[in-house]
Number of protein chains: 2
Amino acid sequence: MSAALPRRTQAERSDAMRQRLLAATLESLAEDGYAGSTLSSIVRRAGVSRGAQVHHYPNKQALMLDAADDLLRSSYRTLGAVLLSVADEDNRLEMLVQATWEQLFATPLYRAYTELLVASQRDAVLAEALRGMLLRVSKVFEPAVEHYFMPAPGTRENLKAVFLQFACLLGGLASQAHLLNDTAHVAAQLKLWTRQAKLVMHARKGVRLPPPRPVEWDRPVHS
Amino acid sequence: MSAALPRRTQAERSDAMRQRLLAATLESLAEDGYAGSTLSSIVRRAGVSRGAQVHHYPNKQALMLDAADDLLRSSYRTLGAVLLSVADEDNRLEMLVQATWEQLFATPLYRAYTELLVASQRDAVLAEALRGMLLRVSKVFEPAVEHYFMPAPGTRENLKAVFLQFACLLGGLASQAHLLNDTAHVAAQLKLWTRQAKLVMHARKGVRLPPPRPVEWDRPVHS
DNA sequence: TATGATACAGTCCAGACTGTATGTAAATGT
DNA sequence: ACATTTACATACAGTCTGGACTGTATCATA
């Protein structure tokens with residue numbers, strides 16, 4: 001009769017609980033902001049008790065750090081999927097731009113990232129963590145860029161810099177999107193950057209294989 | 001013997017007090033963030049009592065709204081000065097880019113703006129206020145752009161969009177500047193955008209006059 | 001100069017948040 | 001089967017915040 005109680009192992013219970021807490025934390029960051037994400041509201045959102053949180057994360061910073069880690073890990077996976085999805089497209093750049101915006105920057109997850117980013121301006125530990133995670137993400141993106149694109153003949157533009165520009169542009173755009181109540185601006189900006197980028201880079205012809213898959217970052221054991 | 005008490009008028013006292021409160025608020029926003037800018041800390045920073053604040057601003061939101069107004073007004077003036085300063089330069093675009101970054105985006109004031117911007121994501125009143133103020137600022141910038149620059153012959157690029165791109169780029173750059181601990185990246189990005197912009201616009205030749213000075217926004221009487 | 005309005009100072013209070021301490025159930029090891 | 005560790009729940013302590021409230025000094029005006 002204990003069909004509803006499948007007797008989970010300790011590790012399973014812990015992982016599930018951590019997952020619920022992290023998901024609730026990221027939701028809360030996106031909706032209520034960093035300061036608004038109080039421990040009480042997070043556990044309420046996760047539907048667990050206060051004790052569960054304090055058991056897995058001794059203090060708020062630890063929870064936030066792990067949430068940041070989870071966020072960047074998730075973005076890493078999304079980015080990987082995006083890069084794969086444009087593999088067999090002819091107009092790779094357009095697809096990449098559109099997909100990056102829609103699936104990465106125009107999402108609640110990016111709003112959560114924004115909150116962590118501004119909080120990191122006053123939290124050196126969080127800043128260091130974000131720095132390291134960004135480095136790891138860029139380590140995936142840059143080889144993929146090399147895999148798919150090459151500098152246009154005649155130009156000697158640094159593709160890394162052009163994509164860093166892209167990231168800053170999308171970041172700034174996302175931060176102000178709720179003020180510009182005209183969504184056409186966003187589309188225009190995406191098109192504008194695409195046009196500019198095409199001047200300095202070409203999609204490599206005949207590349208139908210996905211980019212090299214670097215070090216796995218999917219499930220490192222929790223420290 | 002009352003040499004130290006020059007008998008100020010009521011309006012003078014009020015203005016001076018409001019100024020101290022607003023300055024302290026913007027400092028606090030830049031240093032301690034939005035949530036960290038508590039009323040107690042602000043009045044402590046301003047060196048005034050709690051009662052002074054509550055007299056001039058009935059609640060925290062009113063203070064923040066006026067601080068945002070002051071911030072945008074100040075940026076408006078700075079931007080005007082920047083535009084004037086590049087009037088008689090030959091390499092106007094480079095100077096404009098550099099000055100905009102140094103005097104507008106790489107300042108504590110922009111950090112304060114960032115705090116207000118993310119806070120406005122959950123404060124509709126603040127968002128509306130920022131929206132209106134940004135509109136007014138752009139109303140200064142756009143005529144100045146027309147005054148100084150023209151689309152390059154052959155291209156039909158929208159200069160407004162290019163400068164909106166510039167703003168988003170600088171915003172994104174400033175938000176992440178504390179993570180990229182390499183200041184060379186910023187300079188490289190500024191150069192990159194300048195190069196791209198030069199492809200679609202030229203400085204008008206022989207323009208030695210400052211841009212048209214639109215509606216004044218220097219000291220509207222306080223409501 | 002008398003009277004009211006304005007500017008400012010200091011204090012109090014209800015609520016909220018974080019961290020901690022303690023108690024109970026479930027899982028694990030032997 | 002039982003002891004021990006792990007996972008989770010509840011209660012509490014201390015701090016802080018924002019708003020309300022009362023009191024005092026300064027200014028405007030008739």
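The following paragraphs describe how a predicted protein model meets two DNA strands and how two of its helices pack.

Residues are numbered from 1 along each chain as its sequence is written, and chains are lettered from A and ligands numbered from 1 in the order in which they are written. In this predicted model, local features need pLDDT of at least 70 and side-chain atom pairs count only at pLDDT 80 or more, while totals for chains, interfaces and linings use all residues; side-chain values use heavy atoms, with hydrogens and water left out.

DNA strand D has 20 residues around it, of which A:Ser14, A:Ser49, A:His56, B:Thr9 and B:Lys60 come nearest; a residue is near a strand if one of its heavy atoms lies within 4 Å of it. Of the atoms of DNA strand D that come within 4 Å of the protein, 78% belong to sugar and phosphate. Phosphate oxygens of the strand have polar contacts (pairs of N or O atoms within 3.5 Å). A polar side-chain atom of A:His56 lies 2.5 Å from such an oxygen, that of A:Ser49 lies at 2.7 Å, and that of A:His55 at 3.0 Å.

The helices here are DSSP runs of H or I with at least four residues, numbered from the N terminus. H3(A) supplies the largest share of the surface near DNA strand D, five residues. By class, this surface comprises three nonpolar, ten polar and seven charged residues; Ala, Val, Leu, Ile, Met, Phe, Trp, Tyr, Cys and Pro count as nonpolar, Asp, Glu, Lys and Arg as charged, and the others, Gly among them, as polar.

DNA strand C is surrounded by 23 residues, the closest being A:Thr9, B:Ser14, B:Ser49, B:His55 and B:His56. Sugar or phosphate accounts for 76% of the strand C atoms within 4 Å of the protein, and bases for the rest. A polar side-chain atom of B:His56 is 2.4 Å from a phosphate oxygen of this strand, and one of A:Thr38 is 3.2 Å from a phosphate oxygen. H3(B) gives the most to the surface near DNA strand C, with five residues.

Within chain A, helix H6 (residues 108-119) and helix H7 (residues 124-148) pack at an angle of about 130°, with their axes 8 Å apart. H6(A) and H7(A) are therefore oblique to each other, a term for angles outside the classes under 35 degrees, over 145 and 65 to 115. Axes are lines fitted to C-alpha atoms over the stretch in contact, and angles run from 0 to 180 degrees between N-to-C directions. The contact (heavy atoms within 4.5 Å) involves A:Tyr113, A:Leu116, A:Leu117 and A:Ala119 of H6(A) with A:Leu126, A:Leu130 and A:Leu134 of H7(A).

Terms used. A polar contact is a pair of N or O atoms within 3.5 Å; within protein, one must be able to donate a hydrogen and the other to accept it, and residues adjacent in sequence count only if both atoms are side-chain atoms. Helices (H or I, at least four residues) and strands (E, at least two) are DSSP runs, numbered from the N terminus.
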